[in-house]
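Hi,

Here is the structure I promised to pass on. Have a look at it first, and my notes on what turned up are underneath.

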Amino acid sequence: MTALVLTVVGDDQAGLVDALSGVIVEHGGNWDTSEMARLGGKFAGIVLLTVPDANADALVEALAPIQARGLLDITVSRAASVPPTGRSRPLTMELVGQDHPGIVHDISHALASQDVSIRELHTETTSAPMAGGALFNATAVLDLPEDLPVAEVRRRLESLANELMVDIALEEGPADR
C-alpha cells in the first residue's frame, strides 16, 4: 500500500469532499485520517489516505480534473515513514487570552527551543463575552523528548504566559492514537 498526504484548498461550496472522496474510492483507496475546516471563505484540509501501490499514480492523475474544474488546489506528497529519533511523551496544552499578534510564534519558539514538537494545533479567535475585543484560544498536543521533565516545559510556558498575558494549562497525555 502507498500512503499519500493530500493538502486541499478551494472556495467553500457543497460537494468538495464528495469530489475528492470519489476519486479516492474509484482507485481502491481508503480515506484514513483528515483535518478539514472552512477558514476565511475557503475550504482547507489535509488528508492521509492509503491506496494499492498499483493504483497510486492513476489516483494522483485522476485528481487533475478536480483542479481543472477550479474546485480545489491539491498538493500530493508521499507519506514519510520516518523512524522516530527517540521516545516522546504527549502533553496537552490549552491557551486562552486577549488576542494579539505573535502568540503562536512566541509559544512555538519556546517549544522548539526545548525540542518539543507540536503534533496537533487547533486555534480560533472568538469574541470576548464581557470585556469586548477578541480572545485567542489554542489547544495543542505536544510531543516532549523522553528526557525533558514536564516541570521544565511548564516553567518555561508559565513564564511566557505572564509576558503574553495569557492563561496556559498543561495536562500529561493523551494516550497515543
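To start with the open space: what volume does the largest pocket have? The answer is about 310 Å³. Before you take that number anywhere, keep in mind that this is a predicted model.

The residues lining the largest pocket are E35, M36, A37, L39, A44, G45, E120, L121, H122 and T123. If you want to find the place by secondary structure, look at β2 (30-39), β3 (42-51) and β6, since each of these supplies at least two residues of the lining. In terms of chemistry the lining of the largest pocket is mixed, with 5 nonpolar, 3 polar and 2 charged residues.

Then there is the enclosed space. How many cavities of 30 Å³ or more does the structure hold? There is 1, and the largest cavity has about 90 Å³ of space in it. Its lining is made up of M93, L95, I103, V104, I107, S108, L111, I118, L121, F136, A138 and A140. Four elements each give at least two residues to that lining: β5 (88-98), α4 (103-113), β6 (117-127) and β7 (134-145). Of the elements involved, α4 has the largest share, with 5 residues. By class, the lining of the largest cavity counts 11 nonpolar residues, 1 polar residue and no charged ones.

One residue to click on is L121: it is in the lining of the largest pocket and also in the lining of the largest cavity. L121 turns up again on the outside, where V104, I118 and L121 make a nonpolar surface patch. Together these three have about 230 Å² of accessible area, and V104 and I118 are also among the residues that line the largest cavity. I118 lies in strand β6. Is I118 buried, partly exposed or exposed? I118 is partly exposed, because its relative accessible area is 34%, between the 20% and 50% cut-offs.

Next, the salt bridges. The structure holds 5 of them, and I'll go through some here.

One is between the side chains of D11 and K42, at 2.5 Å from N to O. D11 is in strand β1 (residues 2-11) and K42 in strand β3, so this pair ties together parts that are 31 residues apart in sequence. Both ends are partly exposed: D11 has a relative accessible area of 44%, and K42 has one of 38%.

Another joins the side chains of D12 and R38, with an N to O distance of 3.5 Å. Here D12 comes from the loop between β1 and α1 (16-26) and R38 from strand β2, so the parts tied together are 26 residues apart in sequence. D12 counts as partly exposed at 34% relative accessibility, whereas R38 counts as exposed at 61%.

The one between R155 and E152 is a local affair, with the side chains meeting at 2.7 Å, N to O. Both residues sit in helix α5, 3 residues apart, or about one turn of the helix. R155 is partly exposed, with 47% relative accessible area, and E152 is partly exposed too, at 31%.

Last, a couple of backbone angles you may want to check. Which way does phi go at D115, positive or negative? Phi is positive there, at about 60 degrees, although D115 is not a glycine. D115 has its place in the loop between α4 and β6, and it counts as exposed because its relative accessibility is 60%, over the 50% cut-off.

M165 is a further case: its phi is near 55 degrees, again a positive value in a residue other than glycine. You'll find M165 in the loop between α5 (150-164) and β8 (166-172). M165 is exposed as well, with a relative accessible area of 69%.

That's what I have for now. If you open just one view, I'd go for V104, I118 and L121, which form the surface patch and are among the residues lining the largest cavity.

Cheers

Methods: Residues numbered from 1 in each chain as written. Predicted model: local features only at pLDDT ≥ 70, side-chain atom pairs only at ≥ 80, totals over all residues. Heavy atoms only, no water. 1 Å grid on protein atoms, 1.4 Å probe; cavity = no way out; pocket = protein on both sides within 12 Å on 5 of 7 lines; lining within 4 Å. Points joined across faces, edges and corners; volume = space filled by probe spheres on them. Nonpolar A, V, L, I, M, F, W, Y, C, P; charged D, E, K, R; others polar. Buried < 20%, exposed > 50% of the residue type's maximum accessible area, 1.4 Å probe, protein only. Patch = residues over 30% accessible without salt bridge, like charges linked within 9 Å, V, L, I, M, F, W, Y side chains within 5 Å. Areas by Shrake-Rupley, 256 points an atom, 1.4 Å probe, with all protein chains shown as cover. Salt bridge = Lys/Arg side-chain N within 4 Å of Asp/Glu carboxyl O.
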